Amino acid sequence: MKNIPISALIGLFFTGLYFLTALLAPWIAPYGMGEIVGDVWEPSSSEYLLGTDSIGRDLLSRMIYGGRTTIFIATAATILSFVTGSVLGFLAAVVGGWIDQVLSRFVDLMMSIPTLIFALVVLSVTPVTIPMLILVMGLLDATRVYRLARAVAVDINVMDYVEAAKLRGEGRGWIIFREILPNALSPLVAELGLRFIFMVLFLSTLSFLGLGVQPPEADWGGIVKENKEGIVYGIPAAIVPAVAIATLAISVNLVADWVLNRTTSLKGGRGG
Amino acid sequence: MHPVILLIAQRIALGLLLLLASSALIFAGTQILPGDVAQAILGQSATPEALENLRRDLGLNDPALTRYFNWLFGAIQGDLGTALTNGKDIAESMGYRLKNTLFLAACAAIVSVPLAIFLGLLAVRYHGRWPDKAISGVTLASISVPEFLIGYIVVYFIAVKLGMFSPLAMVNDSMSFWDKLNAVALPVLVLTLVVLAHMMRMTRAAILNVMQSAYIETAELKGLSSFKIIYRHAFPNAIAPIVNVVMLNLAYLVVGVVVIEVVFVYPGMGQYLVDHVSKRDVPVVQACGLIFAAVYIGMNMIADIVSILANPRLRHPK
């Protein structure tokens, strides 16, 4: 862990900071999430660092709690999409035959409809609760992970050591989890970062459209929705989440880039 | 028959098949709950009579397969059913909105496609130097912020701080073409920003890929200027990948439009879809989903067909 490039360090620092803030939200936030503490849209002051929102709640506290919701849902959905996507992808690569055909064609079909549109179609009949959001986002995104996992696993599956394990008489579970998984981990981890960002953006979009996290709970997209009227009067409260989302996304990107570069150099890539 | 025609016919058939399957998927997407749609629309407190009436209106008492085929055959004939919320014909209210959305997307495409290709070429010409780095930096920044936030940032700085253009993009039929263009200026700017980065980056990658070829080295050794090499030798060979990039981004544009329309309160398909999702107006949502999927699949199909046509080895088989 010695030669971490400076960009990755910055990325790690900010990513860590956001996750810590999310975990420790109740202790860090100066006010409660739904607590009305001041006037409507007060400018930032020493009392309210980022000012107040459309009904006089402290914006900083709301951003901290909102970050907690955003990061929690995005993380849960990413885990769901990774577990489903990679297990099915590995399975398709190892078993092959009609299972591979059925799964792959189904994924092709799912990907032929834009994710946002399909999510809206499903959310029009399902109750919009947090578990439902995690489920819809996670499963829709699993198609992307499936593609990657299958492609990587197909390459690994023809390696000599997998052949050796098969000749030893190991079962499919062993092949998937002990042979393929450790070798497929690095591209998957890099992809994990990108998927996580995608989830953050996706959730914010859904909440902004009023179809994500429901009030009085808030996430970053919801905060934009609540404060969007202020923009026309020159009140930048709705822009604040943009800064949060962008810095989180960029720092996770920097970490993912580093992981990807590090693993390619391990595999004999040029330079290091 | 010419093999290219055969390939294209195959691709079109595949596209139609995909569209058929996606219509089934969209239909199934609204049947996903164990309960029924009527309950979801009216909520837990609905009376049994109200539920029964709604079920009858929606035809929910028929089996799902019958309903799907009724819906599908209706849609093929241009009958998308009636909206639950106001009882109006969906195809009728959609026609006007679809026109608005296509107008917005077309404006954005006319601005962004030439710009992206030009900047992509520029990045290749100055590969590894500051214009190239600046372009990569902007790309990273713009994929890290969701579309609607780019929209509000643009509104905040251009419409409010500079006082240029209106923050709301209201259009109606009585407006002149010029007024309409003025109204959509900001949404077009935002959509351009959203797709520009992707398109530029992929154009850059496509041309850089071609630049590795032996014939480019020959052209360099012949002493041609670097812009001449790019546009006489590299560009024609990069057309297929670039058209692909453009089409993929136009497809992306169609989806980005949904969110941007909400930001600017623009009377288009996206606004229509989002409004009716929150009202749980299932027939409208299905119809909009079908149209969006059709546009998306159509764009991807055109991209494939163009890359088949642009390949000289396929056009002139041995």
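Me: In this predicted model, which residue forms a salt bridge with Arg150(A)?
Reply: The model is predicted, and side-chain atom pairs count only at pLDDT 80 or more. The closest N and O atoms of the pair are 2.7 Å apart, and a salt bridge needs the nitrogen within 4 Å of the carboxyl oxygen. The partner of Arg150(A) is Asp100(A).

Me: Which helices does this pair link, and how many residues apart are Arg150(A) and Asp100(A)?
Reply: Arg150(A) lies in helix α6 (residues 130–157) of chain A, and Asp100(A) lies in helix α4 (residues 97–111) of chain A. The pair thus links distant parts of the chain, α6 with α4, its residues being 50 residues apart.

Me: Is Asp100(A) buried or exposed?
Reply: Its partner Arg150(A) has 25% relative accessibility and counts as partly exposed. Asp100(A) has a relative accessibility of 11%. Because the cut-off for buried is under 20%, Asp100(A) counts as buried.

Me: Which residue meets Arg195(A) in a salt bridge?
Reply: Arg195(A) is placed in helix α8 of chain A, with residues 172–208 making up that helix. The other side chain is in helix α6 of chain A, 54 residues apart from Arg195(A). At 2.7 Å from N to O, the partner is Asp141(A).

Me: Is Arg195(A) buried or exposed?
Reply: The relative accessible area of Arg195(A) is 13%. Since buried means under 20%, Arg195(A) falls in that class. Asp141(A) has the class of Arg195(A) too: both are buried.

Me: What does Arg195(A) touch, and what separates the C-alpha atoms of Arg195(A) and Thr78(A)?
Reply: Leaving out residues up to four places away in sequence, Arg195(A) touches Thr78(A), Phe82(A), Asp141(A), Arg144(A) and Val145(A). Thr78(A) is 117 residues apart from Arg195(A) along the chain. Their C-alpha atoms are separated by 6.6 Å.

Me: Is Arg168(A) buried or exposed?
Reply: Arg168(A) meets Glu170(A) in a salt bridge of 3.1 Å, N to O. Glu170(A) has a relative accessible area of 24% and is partly exposed. Arg168(A) has 52% relative accessibility, and because the cut-off for exposed is over 50%, Arg168(A) counts as exposed.

Me: Which residues do salt bridges with shared partners join into one network?
Reply: The whole structure holds nine salt bridges over all chains. Where salt bridges share partners, they join residues into one network. Its members are Arg105(A), Asp108(A) and Arg147(A).

Me: How many salt bridges cross the interface of chain B and chain A?
Reply: In the contact between the chains, 43 residues of chain B meet 42 residues of chain A. The count of residue pairs in polar contact, both at pLDDT 80 or more, is zero. For salt bridges across the interface, the number is zero.

Me: Which element gives the largest share of the side of chain B that touches chain A?
Reply: About 3,600 Å² is buried between chain B and chain A, 83% of it from carbon and sulfur atoms. Elements giving two or more residues to the chain B side include α1 (3–29), α7 (147–161) and α11 (226–263) of chain B. By class, that side has 35 nonpolar, six polar and two charged residues. The largest share, eight residues, comes from α7(B).

Me: What does Ser22(B) touch?
Reply: Ser22(B) sits in helix α1 of chain B. At 0% relative accessibility, Ser22(B) counts as buried. Not counting residues up to four places away in sequence, the residues touched in its own chain are Ala293(B) and Ile297(B), and those in chain A are Leu109(A), Ser112(A) and Ile113(A).

Me: How many helices and strands does chain B have?
Reply: From the N terminus on, every element of chain B is written as α. Its C-alpha trace spans about 85 × 60 × 40 Å along the principal axes. The secondary structure comes to 14 helices and zero strands.

Me: Of the 318 residues of chain B, what percentage count as buried?
Reply: The accessible surface of chain B is about 15,700 Å², and 65% of that belongs to carbon and sulfur atoms. Among contacts between residues at least 6 apart in sequence, 73% join residues at least 24 apart. With buried meaning under 20% relative accessible area, the share of the 318 residues is 45%.

Notes
Residues numbered from 1 in each chain as written. Chains lettered and ligands numbered in written order. Predicted model: local features only at pLDDT ≥ 70, side-chain atom pairs only at ≥ 80, totals over all residues. Heavy atoms only, no water. Contact = heavy atoms within 4.5 Å. Buried area = accessible area lost by both parts, 1.4 Å probe. Salt bridge = Lys/Arg side-chain N within 4 Å of Asp/Glu carboxyl O. Polar contact = N/O pair within 3.5 Å; in protein donor to acceptor, adjacent residues only side chain to side chain. Helix = DSSP H or I, 4+ residues; strand = E, 2+ residues; numbered from the N terminus. Nonpolar A, V, L, I, M, F, W, Y, C, P; charged D, E, K, R; others polar. Buried < 20%, exposed > 50% of the residue type's maximum accessible area, 1.4 Å probe, protein only. Areas by Shrake-Rupley, 256 points an atom, 1.4 Å probe, with all protein chains shown as cover.
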